[in-house]
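Trainee: Could you take me through one part of this model at close range? I would like to follow a single helix and see what surrounds it.

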Amino acid sequence: MAGKTTADGLSQEERDAVKERAKELRAQAKAGKSREAGTKQVLEAIGKLEGTDKKLAEGLHKLVGEVAPDLVPKTFYGFPAYANEAGKVVVFLQPASKFKTRYATINFDEPAALDDGDMWPIGFAVTAWTPGVEKRISELVKRAVS
């Protein structure tokens with residue numbers, strides 16, 4: 001990750017992400033598990049993105065709405081994310097711009113039912129929202145919520 005580390009070992013970008021997460025948790029506590037409030041937060045987060053990050057976030061948002069409509073949009077460290085009925089994040093997009101990396105990642109958190117033996121992938125580097133990427137992520141999201 002880019003950026004100088006501070007005395008506590010975190011980069012400024014990481015410190016900002018932790019602060020953003022605390023702010024999100026306060027806002028989510030006020031709003032409850034409201035789909036409407038979560039959708040508003042996710043659309044605001046997507047609106048702040050640019051270029052490829054924005055296209056990826058828009059593609060993931062549309063895809064999750066179509067293939068896993070029970071997942072509730074919410075933000076997670078400022079990232080567009082989608083949670084199960086217990087409020088636990090299943091899938092989220094980490095934009096490349098957030099930590100100044102060369103690619104964005106689509107990640108699946110612990111509630112995702114992607115288990116496959118002793119080891120399985122949970123994060124995918126993505127550089128473009130193509131039909132192939134959409135198909136693969138669609139399959140993974142469907143499996144994650146099964």
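Mentor: Happy to; here is a walk along helix H3 and on to some of the elements around it. Keep in mind throughout that this is a predicted model.

Let's start with the helix itself. H3 runs over residues 51–67. The helix has 17 residues and reaches 24 Å from its first C-alpha to its last, close to the 24 Å expected at 1.5 Å a residue.

Now look at which side chains are tucked away. The buried residues of H3 are Asp 53, Leu 56, Ala 57, Gly 59, Leu 60, Leu 63 and Val 64. Viewed down the axis of H3, these buried residues fall within an arc of 165°, so they line one face of the helix. A general rule helps here: an α-helix has 3.6 residues a turn, so residues three or four places apart point the same way. Turn to the other side of H3 and you will find Lys 55, Lys 62 and Glu 66 exposed.

Next comes the helix partner. Helix H2 covers residues 35–47, and its axis comes within 9 Å of that of H3, with a crossing angle of roughly 155°. Angles over 145 degrees count as roughly antiparallel, so that is how H2 lies relative to H3. On the H2 side, the contact is made by Val 42, Leu 43, Ile 46 and Gly 47, while H3 brings Lys 54, Ala 57, Glu 58 and His 61. Sorted by class, this contact has four nonpolar, two polar and two charged residues. Notice that Ala 57 of H3 takes part in the contact with H2 and is also among the buried residues of H3.

H3 has another helix to deal with as well. The buried residues of helix H5 pack against H3, and also against strands E3, E4 and E5. Those residues of H5 are Ile 137, Ser 138, Leu 140, Val 141 and Ala 144. H5 itself spans residues 131–144.

Finally, follow Val 64 across to strand E3. Val 91 lies in that strand and is buried, with a relative accessible area of 1%. Leaving out residues up to four places away in sequence, Val 91 touches Val 64, Leu 71, Ala 81, Tyr 82, Ile 106, Asn 107 and Phe 108. So you can step from the buried face of H3, where Val 64 sits, straight to a buried residue of E3.

Definitions and conventions:
Residues are numbered from 1 along each chain as its sequence is written. This is a predicted model: local features need pLDDT of at least 70, side-chain atom pairs count only at pLDDT 80 or more; totals for chains, interfaces and linings use all residues. Side-chain values use heavy atoms; hydrogens and water are left out. Axes are lines fitted to C-alpha atoms, for helices over the stretch in contact, and angles run from 0 to 180 degrees between N-to-C directions. Helices (H or I, at least four residues) and strands (E, at least two) are DSSP runs, numbered from the N terminus. Angles under 35 degrees count as roughly parallel, over 145 as roughly antiparallel, 65 to 115 as roughly perpendicular and the rest as oblique. Contact means heavy atoms within 4.5 Å. Ala, Val, Leu, Ile, Met, Phe, Trp, Tyr, Cys and Pro count as nonpolar, Asp, Glu, Lys and Arg as charged, and the others, Gly among them, as polar. The expected span of a helix is 1.5 Å times one less than its number of residues. Buried means under 20% relative accessible area, exposed over 50%, partly exposed in between (1.4 Å probe, protein chains only). The arc is that of the directions from the helix axis to the C-beta atoms.
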